[in-house]
Amino acid sequence: MGNAVDLVELWRGGRMESVHAGHAVVMHADGQIVQSWGNPDHVTYPRSSAKILQALPMVESGVADKMGLTQAQLALSCASHSGAAIHTDPVQGWLKDLDLDESAFVCGPQWPADVPARNGLVKTDASPCKYHNNCSGKHCGFLTMVKANGWGPEYAEVDHPLQVVIKDAFEEVTEETSAGWGIDGCSAPNHATSIRGMARAMATFAGADESTARGAAMVRLREATMAYPALVANEDRACTHLMRAGQGRVSVKTGAEGYFIAIIPEKKLGVALKIMDGTTRASECAMAAILCQLGVLDAADPLVRQYVNPQLKNFAGLVTGDMRAVL
């Protein structure tokens, strides 16, 4: 696993039962690594943790303002949402503003992770739609760029003008030439970079100010995610809980296969981590622990405690063990 180190342990009956290994980097906006675990140069896909980077060209180019996007829409463009009504209603409204419908999306339909939304579909014998896809907000942002620039509809192709400008921004902010790309769960390209590169990108977002167009765009996006955490995830999700606990001090974003990032403006720090077995529970635990160690979150906060050192219970409600970060 490329010099991955143990980051999260699960204990039962006084014995360590399993362990999650991975890599993590905390970097300052000046380009210096503050702390790291495992191999900072491990290259992988950041998956949905890269959404704030994928939204950057839309804001930096002036398209967001030209098309009259709100702060809530900027947050939704960075989202991996749960398909709740608070997500699907604004997505459908956004499409309507673009004179489009869900057929314009290249992402596929997805069952909502939100329980009421899922149950609503089951009870009415309805099928999930493309706007239920957790990436539909990001795709609304993509389609906004397409319409504003008069580009063709196949916007997920790697050589499409949209994906070209996204890759350019991605490589410029990570300060690395991407080692390659893969197709993400929503059909869009996802570019590989090192853990160091992604932490550098998040540190750049953290240290950004409004003195340049790119800096101003970074400030707007990071502030939008912190202002609307439930749009970025959902009421019951780790991203929402950790951002609410941070009270405007930190923006966080999960990604598939155990990826997680954080942006800490007051400290000008960026964090990137990857759990090598792809387990979300471990990435949430490790990120919460790092943010507590950095003094951004309080481990005693109930919103944080459920991730940083949660008790494990069985179906009868009995405590069987706990999960803890090894940091």
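**View 1. Strand β1 of the predicted model, with L10 set opposite M323 in β12.** In this predicted model, the facing of L10 and M323 belongs to an antiparallel pairing in which β1 and strand β12, made of residues 319-325, are joined over five bridges. Strand β1, which covers residues 5-12, also pairs with strand β2, residues 15-28, and here seven bridges link the two strands in the antiparallel sense.

**View 2. The hairpin formed by β1 and β2, with two residues between the strands.** R12 stands opposite R15, the latter belonging to β2. Within this hairpin, G13 adopts a positive phi near 60°.

**View 3. The aromatic pair of F142 and Y155, in edge-to-face arrangement.** A search of the whole structure returns one aromatic pair. The ring centres of F142 and Y155 are 6.0 Å apart and the ring planes stand at 65°, which is over the 60 degrees required, and the pair is therefore classed as edge-to-face. Because F142 is part of helix α6 (residues 136-149) while Y155 sits in the loop between α6 and α7 (161-174), the pair ties together parts that are 13 residues apart in sequence. Both F142 and Y155 are buried.

**View 4. Helix α12, residues 280-293, and the glycine that comes after it.** The helix α12 has 14 residues, and from its first C-alpha to its last it reaches 20 Å, close to the 20 Å expected at 1.5 Å a residue. Since 11 of the 14 residues of α12 are buried, the helix is largely enclosed by the rest of the structure. Among the buried residues of α12 are the alanines A282, A286, A288 and A289, together with the cysteines C285 and C292; the buried set also includes S283 and E284, as well as M287, I290 and L291. After α12 comes G295, whose phi is positive, near 80°.

**View 5. A nonpolar surface patch made by V158, W181 and I183.** The patch formed by these three side chains, V158, W181 and I183, has an area of about 310 Å². W181 lies in strand β5, which is composed of residues 181-183. With a relative accessibility of 44%, W181 counts as partly exposed, because this value falls between the 20% under which a residue is buried and the 50% over which a residue is exposed.

Conventions:
Residues are numbered from 1 along each chain as its sequence is written. This is a predicted model: local features need pLDDT of at least 70, side-chain atom pairs count only at pLDDT 80 or more; totals for chains, interfaces and linings use all residues. Side-chain values use heavy atoms; hydrogens and water are left out. Patches are made of residues with over 30% relative accessible area and no salt bridge: like charges are joined within 9 Å, nonpolar side chains (Val, Leu, Ile, Met, Phe, Trp, Tyr) within 5 Å. Accessible areas come from the Shrake-Rupley method with a 1.4 Å probe; for residues, only the protein chains shown count as cover. A salt bridge is a side-chain nitrogen of Lys or Arg within 4 Å of a carboxyl oxygen of Asp or Glu. Helices (H or I, at least four residues) and strands (E, at least two) are DSSP runs, numbered from the N terminus. Buried means under 20% relative accessible area, exposed over 50%, partly exposed in between (1.4 Å probe, protein chains only). Two strands pair if DSSP finds at least two bridges between them. Rings of Phe, Tyr and Trp (its six-membered ring) pair if their centres lie within 6.5 Å; planes under 30 degrees apart count as stacked, over 60 as edge-to-face and the rest as tilted. The expected span of a helix is 1.5 Å times one less than its number of residues.
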